[in-house]
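Here's a walk through a two-chain model, starting from one salt bridge and working outwards. Have the structure open as you read.

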Amino acid sequence: MAVEDIGSGCSSSGDQEFHVLAVDDSIIDRKVIERLLKISCCKVTAVDSGSRALQYLGIDGERSSLEFDELKVNLIITDYSMPGMTGYELLKKIKGSTKLRQIPVVIMSSENILARIDRCLEEGAEDFLMKPVQLSDVERLRDFMLRGGEEERELGRKRKTPDDSCDCRPLRKRPTPLATACSSTFRALEEPVIVHES
Amino acid sequence: MERQAAYLRNALFDQGYLDEQFLQLEDLQDETNPHFVEEVVKLFYTDSVRLIQSIELTLKNTPRDFEKLDKIMHQFKGSSTSIGAKKVKKECTQFQEYCNVGNVEGCIREFQEVKQEHAALKRKLEHYFQLAREAR
């Protein structure tokens, strides 16, 4: 039961639905994120680990390029703390792959650790969301991606290179309200910062 | 029946058993997914059995393996957070604090609290879902 393919009930204007690959080892969180994404009219594929995500994306070379294009993933949203491969390690693998690095990656975490957020953003994460993820987070993400994705296809711009310490791609009209690599601002939280990193 | 269900639901919030996250889950429920909240809660209780067993075993065999205890509890706390289980989450945090300072007795004692809150919420939610179903 590692891979769950769930179609969206929404009618999309184009022939291509916004396809999100969700990665989370928690079965509860997978169910919730799937629902959030479906409600936001996304096609969802949910997997329970980083290695399964890479398998699905065809990074191990098993999938032919034709199959990969048909399965086109528009966004990867992954939990940070997972056994085996963390979300951060998955992010690095994706950004390190010529085939996959263009896919935006969003990290989710229940722990508000500044160093962790910065690390992920510097490695090329599109955004960093605090868990539990809300419907408003997903809707904002989808809207941003849909706008940015079109522009990216038009301009044919490459995603950020390892040299960029500041993730200030010209595609963005304005910085994401949740986080930027430069300022490390993020959504205000009711709970205090947890210093202990597990 | 409907009034009873609503009363019980409100009580769960008033008494601090549930927080806003439960409301978020309710917002995700509609005609296309009329039992979503109950499904998520059921999933939580099924899944948490193995985590509880794992902690129990660790406390029995290697009670000073605080890293392991913390890791398991992190998962358990995460799931509790996802369903809005406010009191359970609080006890999980307390347990992790005992792990942080290496207090075995504290962990053992606190784990009983975790299990109690976990079971209490289960009973209340099962009752609530039953009433809600009968009200439809």
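## A buried arginine at the chain boundary

Let's start with Arg35(A), which is buried, its relative accessible area being just 7%. Keep in mind that this is a predicted model. What does Arg35(A) form a salt bridge with? The partner is Asp30(B), and the closest N and O atoms of the pair are 3.1 Å apart. Arg35(A) sits in helix α1 of chain A, while Asp30(B) belongs to the loop between α2 (20-27) and α3 (36-61) of chain B, so this salt bridge joins two chains.

The two ends don't have the same kind of surroundings. Asp30(B) has 27% relative accessibility and therefore counts as partly exposed, whereas Arg35(A), at 7%, is under the 20% cut-off for buried. As a general point, side chains of opposite charge can pair when their charged atoms come close.

## Further along the same helix

Helix α1 of chain A covers residues 27-39, and Ile39(A) is part of it. Is Ile39(A) buried or partly exposed? Its relative accessibility is 26%, so it goes down as partly exposed.

Leaving aside residues up to four places away in sequence, Ile39(A) touches Leu135(A) and, over in chain B, Leu28(B). The Leu135(A) contact spans a good stretch of sequence: the two residues are 96 residues apart along the chain, yet their C-alpha atoms are separated by 8.4 Å.

## Other salt bridges

How many salt bridges are there over all chains? The count comes to 14. One of them pairs Asp48(A) with Arg52(A), with 2.9 Å between the closest N and O atoms. Both ends are partly exposed: Asp48(A) has a relative accessible area of 23%, and Arg52(A) comes in at 34%.

Then there's Lys131(A) with Asp79(A), where the closest N and O atoms are 3.3 Å apart. This pair ties together distant parts of the chain, 52 residues apart: Lys131(A) is in the loop between β6 (127-130) and α6 (135-155) of chain A, and Asp79(A) is in strand β4 (residues 75-79). Both Lys131(A) and Asp79(A) are buried. They also belong to a network, in which salt bridges with shared partners join Asp24(A), Asp29(A), Asp79(A) and Lys131(A).

## The nonpolar cores

The largest nonpolar core has 62 residues. Which of its residues touch the most other members? They come from both chains: Ile33(A), Leu37(A) and Ile77(A) on one side, and Phe22(B), Phe95(B) and Leu121(B) on the other.

Take Leu37(A) as an example. Not counting residues up to four places away in sequence, Leu37(A) touches Val20(A), Ala22(A), Cys42(A), Val44(A), Ile77(A) and Val138(A). Apart from this core lies another, made up of 26 residues, including Leu57(A), Val105(A), Ile107(A) and Ile117(A).

## Two helices in chain B

Back to the pair of helices on either side of the Asp30(B) loop. The axes of α2(B) and α3(B) come within 8 Å and cross at roughly 130 degrees. That angle makes α2(B) oblique to α3(B).

Which residues make the contact? From α2(B) they are Phe22(B), Leu25(B) and Glu26(B), and from α3(B) they are Phe36(B), Val37(B), Val40(B) and Val41(B). By type, the residues of this contact divide into 6 nonpolar, no polar and 1 charged. Phe22(B) turns up here as well as among the residues with the most contacts in the largest core.

## The two chains overall

Chain A has 6 helices and 6 strands, running along the sequence as β-β-α-β-α-α-β-α-β-α-β-α. Of its 198 residues, 52% are buried. Among its contacts with a separation of 6 or more, 68% are between residues 24 or more positions apart.

Chain B has 6 helices and 0 strands, which reads as α-α-α-α-α-α. Its C-alpha atoms fill a box of roughly 50 × 25 × 20 Å along the principal axes. Buried residues account for 49% of its 136 residues, and 65% of the contacts in chain B with a separation of 6 or more are between residues 24 or more positions apart.

Notes. Residues are numbered from 1 along each chain as its sequence is written. Chains are lettered from A and ligands numbered from 1 in the order in which they are written. This is a predicted model: local features need pLDDT of at least 70, side-chain atom pairs count only at pLDDT 80 or more; totals for chains, interfaces and linings use all residues. Side-chain values use heavy atoms; hydrogens and water are left out. A nonpolar core is a set of buried Ala, Val, Leu, Ile, Met, Phe, Trp, Tyr and Cys residues joined through side-chain atoms within 4.5 Å. Buried means under 20% relative accessible area, exposed over 50%, partly exposed in between (1.4 Å probe, protein chains only). Contact means heavy atoms within 4.5 Å. Helices (H or I, at least four residues) and strands (E, at least two) are DSSP runs, numbered from the N terminus. A salt bridge is a side-chain nitrogen of Lys or Arg within 4 Å of a carboxyl oxygen of Asp or Glu. Axes are lines fitted to C-alpha atoms, for helices over the stretch in contact, and angles run from 0 to 180 degrees between N-to-C directions. Angles under 35 degrees count as roughly parallel, over 145 as roughly antiparallel, 65 to 115 as roughly perpendicular and the rest as oblique. Ala, Val, Leu, Ile, Met, Phe, Trp, Tyr, Cys and Pro count as nonpolar, Asp, Glu, Lys and Arg as charged, and the others, Gly among them, as polar.
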